[in-house]
Amino acid sequence: MANNLIKPLTMKNAFKGFSTRKTNIFTKYFLLFAIIFLVVFTILGTSLFLLVNNYSTEERTRLLKENVSSISNTIENTMSVNDMNEYYSLEKELVCSTLSTVSKSIDADIFVCDVDGNIIMCREKAGMSPVYGNFFTCPKHSKMTMSSNILSSVYQDGQIVDKTYVFGERCFVVGCPVYSNGKIIASVFAISSVGFQSLTLEFIRIFVVTAFFCLIFAFICIYYLTKKMVTPLQKMSKAAKKFAIGDFSYRVNIDSNDELADLAQAFNDMADALDVLESSRRNFVSNVSHELKTPMTSIAGFIDGILDGTIPKDKQDYYLAIVSTEVRRLSRLVVSMLNMSKIESGDLQMKPSRYDITDQIIHILLTFEQKIENKNIDIRGLDNLKQTFIVADPDMIYQAIYNLFDNAVKFTNENGYIEVSLVDNNSFIEVNIINSGEGIKAEELSKIFERFYKVDKSRSLDSKGAGLGLYIVKLMIEMHGGKIVAKSDNENTAEFTFTLPKQYSPIYKKEIKQ
C-alpha cells in the first residue's frame with residue numbers, strides 16, 4: 001500500500017538532477033557545429049586552394065613561356081651572333097624596352113644571357129644612355145650568372161620550365177634558346193617568385209571572409225534554434241520541480257506540433273494522473289482514518305463501559321455484538337487493503353480449480369439472508385440458474401461476487417428487488433446482477449471502478465466503506481481474463497455485468513492502470 005502513496009520527498013530525490021546546472025545546451029550545439037563546420041571548411045578550403053593554386057601556377061607558367069618564346073623569336077629575327085655582347089646598339093635598346101614592358105605586365109624578371117650565362121640585356125638597361133659605346137652597367141644583373149645546370153637544360157631540351165633556386169631564391173624559371181644559323185647564340189629567361197599568386201591570395205581572402213560570415217550566421221541560427229528547443233525544456237523542468245514538491249496544478253503550454261509538444265502533453269497528462277492520484281490518496285487516508293477511528297472509538301467505549309460497570313450486565317451481550325460487528329468491519333477493510341496491495345504488486349497467488357459457480361452464487365446470497373429479510377428484498381432469477389462449471393480461483397471469484405451482492409444489498413430500496421442471471425456462452429459465462437433503488441448517475445459510471453472512489457457520496461445511502469470494493473472486483477475479474485461493466489438505464493435500477501472464461505485464462509498485471 002505504501003508503494004502506491006505519493007511521497008514528495010522521494011519524488012524530490014528523483015528530480016534532483018533538474019536542479020544541477022550542466023553545460024549550456026547552446027554552447028554544446030554551437031561548439032559541435034563549429035567543430036564540424038571548421039573541419040568541413042578546412043577540407044573544402046584545402047581542396048579548393050590546391051585546385052586554384054595549381055591552376056594559377058599553370059596559367060602563370062604558360063604566360064611566361066609565351067612571352068619568353070615571343071622575345072626569343074624577336075631576337076632571332078633582329079640580331080646575330082656578333083650582337084651577343086655588352087656593346088650598345090639600337091636593336092638591343094629595343095629588346096631592353098620590350099623586356100621592361102613585358103616584365104612589368106606579367107610581374108616577372110625577363111633577361112637575355114649569352115652562352116656563358118652572363119646577363120647582357122635586361123629591363124633595367126631600357127632607356128639608359130650608352131657610356132663609350134657600351135650599355136650602362138646594371139647594378140642588379142651585372143654580378144648574376146645563370147648556372148650551368150640551367151643552361152644545360154636549355155641547350156639539351158630546347159627549353160626549361162622548372163622550380164629551382166636562381167640567385168639564391170626559389171623561383172619559377174622559364175628559359176628558351178636563341179638560334180642563329182642553327183646555333184644557340186643566347187638564351188632568354190623569365191623568373192618569377194614561387195610565392196602565392198594573386199589569384200590564390202584573393203581566393204584565400206574571399207574564402208576566409210565567407211567562412212567567418214557563415215559561422216556568424218550559424219551562430220545566430222543555432223541560438224534561436226536552441227532557444228526554441230530549450231524554452232519548452234525549461235518549462236518542463238519547472239513543472240517537474242513543482243511536481244516534486246507535490247504541486248500538480250502547473251501545466252506546460254507549448255505552441256508547436258512536434259516531439260517537444262508531445263513530451264509537454266505527456267507531462268500534463270502525468271500531472272493530471274498525479275493530481276487525481278494525490279486527491280484519491282488524500283480521500284483514501286481521510287476515509288480510512290475515519291473508518292478506523294469511528295469503530296475503534298466505539299469498541300473502546302463499549303469495552304470500557306463493560307469493564308467499569310457503566311453498562312449493566314443485561315445489556316453487555318447487546319454491546320458485545322456491536323463490538324463484534326465493528327471488529328469484522330475493520331477486518332474486512334484491512335483484508336481489502338491487503339488484497340489490493342498484493343494484486344497491484346503481482347504477489348497474489350491464484351489457485352484455480354473446477355467448481356460450480358451457480359452453487360457459489362447461491363451460497364453467497366445466503367450470507368446476506370438477514371440483511372435481505374430486514375429490507376424485505378425480493379431475490380429474482382434463482383429458479384433459472386443452472387449448474388455451470390468454470391475453472392478459476394474460487395476464493396477470488398467468491399470475494400468479487402460477494403462485493404457485488406454487498407453493493408446491491410446496500411443500495412437496494414426497502415421492499416425492492418435483486419435480480420440474478422447467468423448465461424453460458426460456451427467459452428465464457430456472463431453474470432448479471434440488477435438491483436432496484438436509486439440508479440447510478442452517468443458521470444459516475446466512468447469512475448465507479450476507480451480506486452478510492454465512493455459512489456455513496458452522491459447516493460447518500462451508506463457512510464461506510466473506503467471505496468475499494470468495486471475496484472478489487474474489477475482487478476480480480478480482469479486477472480481471470482474477464483471484463484466487468486456497470487450501467488444504469490434509468491433512475492431506479494443499477495446493473496453490474498461481468499464475464500469470465502470457462503477455462504483458466506489469467507492475465508497478470510504488474511502495473512495497474514490508475
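Student: In this predicted model, which residue in β5 is the bridge partner of C176?

Tutor: The bridge partner of C176 is V188, which lies in β5.

Student: What makes β4 and β5 a pair of strands?

Tutor: Two strands count as paired if there are at least two bridges between them. Strand β4 (residues 169-180) and strand β5 (residues 183-193) are joined over ten bridges, in the antiparallel sense. The cut-off is therefore met, and β4 and β5 are a pair.

Student: Why are β2 and β3 said to stand at the edges of the sheet?

Tutor: The open sheet has five strands in the order β2-β1-β5-β4-β3, with antiparallel pairing. β2 (119-122) and β3 (160-166) each have a single partner strand, so one side of each is left without a neighbour in the sheet. From one strand to the next, the twist averages 35°.

Student: Which helices lie against this sheet?

Tutor: Helix α2 (residues 25-78) packs on the sheet and touches β1 (109-113), β3, β4 and β5. The direction of α2 makes about 30° with that of β4. Helix α4 (residues 148-157) lies across β3, β4 and β5 and runs at about 120° to β5.

Student: Why is V178 called buried?

Tutor: A residue is buried when its relative accessible area is under 20%. V178, a residue of strand β4, has a relative accessible area of 0%, so the term applies. Beyond its neighbours within four places in sequence, V178 is in contact with several residues, among them S72, I75, I184 and V188. V178 and I71 are 107 residues apart in sequence and 9.2 Å apart in space, C-alpha to C-alpha.

Student: Why are α2 and α3 called roughly antiparallel?

Tutor: Angles over 145 degrees count as roughly antiparallel. The axes of α2 and helix α3 (residues 90-106) cross at roughly 170° and come within 11 Å, which makes α2 roughly antiparallel to α3. The residues of this contact divide into eight nonpolar, three polar and two charged. Residues of α2 including L63, L64 and I71 meet residues of α3 including V95, L99 and V102.

Student: How do you know which parts of the model call for caution?

Tutor: Confidence is scored by pLDDT, from 0 to 100. The protein chain averages 79, and 86% of the residues score at least 70. Among the elements of the chain, helix α1 (residues 8-14) has the lowest mean pLDDT, 42, and strand β10 (residues 428-436) the highest, 93. Over residues 1-21 the pLDDT is below 50, and over residues 456-463 pLDDT stays under 50. Where pLDDT is low, the predicted coordinates should not be read in detail.

Note on methods: Residues are numbered from 1 along each chain as its sequence is written. This is a predicted model: local features need pLDDT of at least 70, side-chain atom pairs count only at pLDDT 80 or more; totals for chains, interfaces and linings use all residues. Side-chain values use heavy atoms; hydrogens and water are left out. Helices (H or I, at least four residues) and strands (E, at least two) are DSSP runs, numbered from the N terminus. Axes are lines fitted to C-alpha atoms, for helices over the stretch in contact, and angles run from 0 to 180 degrees between N-to-C directions. Contact means heavy atoms within 4.5 Å. Buried means under 20% relative accessible area, exposed over 50%, partly exposed in between (1.4 Å probe, protein chains only). Angles under 35 degrees count as roughly parallel, over 145 as roughly antiparallel, 65 to 115 as roughly perpendicular and the rest as oblique. Ala, Val, Leu, Ile, Met, Phe, Trp, Tyr, Cys and Pro count as nonpolar, Asp, Glu, Lys and Arg as charged, and the others, Gly among them, as polar. pLDDT is the predictor's confidence in each residue, from 0 to 100.
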